[in-house]
Amino acid sequence: MADYYEVLGVSRQASDDEIKKAYRKLSRKYHPDIAGPEFEDKFKEVNSAYEVLSDPDKRRMYDQGVDPNAPGGGYGNASAGGFGDFSDVFSSFFGGGSGFGGAQGPIPRSQPGRDSLAGLNITLKDAVFGTVQNVDITTYSLCPDCSGSGAQNGEKPVTCPVCNGQGYRQQAVRTLLGQMMTSQPCERCEGHGTIIEHPCETCFGHGRVRAKRQVGVKIPAGIQTDTRIRLSSQGEVGEGGGAAGDLYIDVSIKPDKQFSRQGDDLHCWISIPMTWAALGHDVTIQTFDGEKNLAIPDGSQPDDTVPLKNLGVTHLHGNGERGDLVAHLQVEIPRNLNKKQRDLLDSFAKSHDKDGAAIPQQSRPVVARKGFFDRIKDALN
Ligand SMILES: [Zn+2]
Ligand SMILES: [Zn+2]
């Protein structure tokens with residue numbers, strides 16, 4: 001019996017939340033569309049572990065030593081019926097009810113396809129304005145040669161001669177409880193009840209082929225990083241050409257060198273000379289809307305901010321309104337003055353600063369001085 005706790009990497013006491021978190025992480029990591037087809041088994045293992053541990057009844061059963069996912073275990077309906085009641089077990093053996101080994105009746109050839117998952121990295125500018133991007137995905141598509149039927153030349157599947165279309169074979173077995181009927185999927189038709197006499201040579205009768213294709217994804221303006229977008233019916237085509245699952249795109253936004261985002265505002269830090277802060281100055285700065293004029297008012301102080309209205313990120317659910325672009329001023333104090341500059345500043349000081357006047361002095365909570373990158377990080381959070 002597989003250790004489902006180990007598969008998900010959680011402790012036996014893990015909460016539902018921890019299990020869900022672990023599952024989300026691993027299902028993303030091992031999804032065959034991302035990790036490659038060789039991880040399909042690992043992916044299945046993670047899924048069956050989650051199927052059991054996320055269901056309180058199944059988890060209890062598993063903790064008592066019974067694997068609800070074991071093939072032929074006969075307790076397929078445990079989540080609905082519960083396991084504790086002997087009559088339930090009894091009826092699942094004799095009642096011909098559903099859930100016995102999953103072998104009741106033929107299995108349809110056409111099965112619904114699974115969901116697919118792909119990742120997409122976009123720029124901050126794409127998030128500001130929205131974009132349409134093409135994503136390459138490798139997934140199952142409808143077989144072009146048989147259109148999903150799995151048979152050559154438009155042949156129809158014929159009734160299986162071994163099980164006469166039942167899809168399973170019944171056998172009488174003696175046990176302590178008396179004689180019981182067990183059923184096994186028919187090996188000839190793999191439980192379908194029909195066989196394809198001349199399977200399509202392109203898909204070997206599966207009705208689908210693994211192929212690479214391009215999907216156009218519309219990214220709405222204002223999207224947040226780590227958003228999952230769903231494209232219905234763009235996922236895997238199922239066995240026998242069954243209806244395609246959905247395609248999920250995990251969108252993340254790359255960090256930008258000039259701007260950090262906080263909500264729908266963009267922040268940037270600009271270095272200006274002390275004289276611009278004191279006297280005021282018009283500067284040109286780069287924005288996602290091209291070069292814009294920024295008017296630094298006279299008397300600006302270090303860390304003052306100057307907003308440019310409506311040049312931030314487009315609101316996700318708005319009518320095109322946008323956040324602001326906020327410029328933070330870093331005032332540079334000049335170093336290495338030459339003689340002339342020093343004399344000029346000297347005479348400025350004499351006219352402006354009163355030597356010997358009391359210097360304001362007060363206590364404040366001590367905080368570590370933050371560097372440029374710390375502040376960007378803060379703004380991002
Ligand atoms: Zn085919
Ligand atoms: Zn058969």
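Two strands count as paired when DSSP finds at least two bridges between them, and strands themselves (E, at least two residues), like helices (H or I, at least four), are DSSP runs numbered from the N terminus. This is a predicted model, where local features need pLDDT of at least 70 and side-chain atom pairs count only at pLDDT 80 or more, while totals for chains, interfaces and linings use all residues. Residues are numbered from 1 along each chain as its sequence is written, with chains lettered from A and ligands numbered from 1 in the order in which they are written.

With that sorted, there's an open sheet of four strands, β10-β11-β15-β14, with mixed pairing. Its edge strands, β10 and β14, each pair on one side only. Inside the sheet, β11 and β15 run parallel and are joined by eight bridges; P273 sits opposite E332 in β15.

| Strand | Residues |
|---|---|
| β10 | 260-262 |
| β11 | 265-273 |
| β14 | 305-308 |
| β15 | 325-332 |

Now for helix α4, residues 40-53. Its 14 residues should span 20 Å at 1.5 Å a residue (times one less than the residue count), and the end C-alpha atoms are indeed 20 Å apart. V46, A49, Y50, V52 and L53 are its buried residues, meaning 20 or more other C-beta atoms, placed from the backbone, lie within 10 Å of a residue's own (exposed is 12 or fewer, partly exposed in between). The face turned away from that buried side carries exposed D41 and K44.

Zooming out, the protein has 11 helices and 15 strands, and 28% of its 381 residues count as buried.
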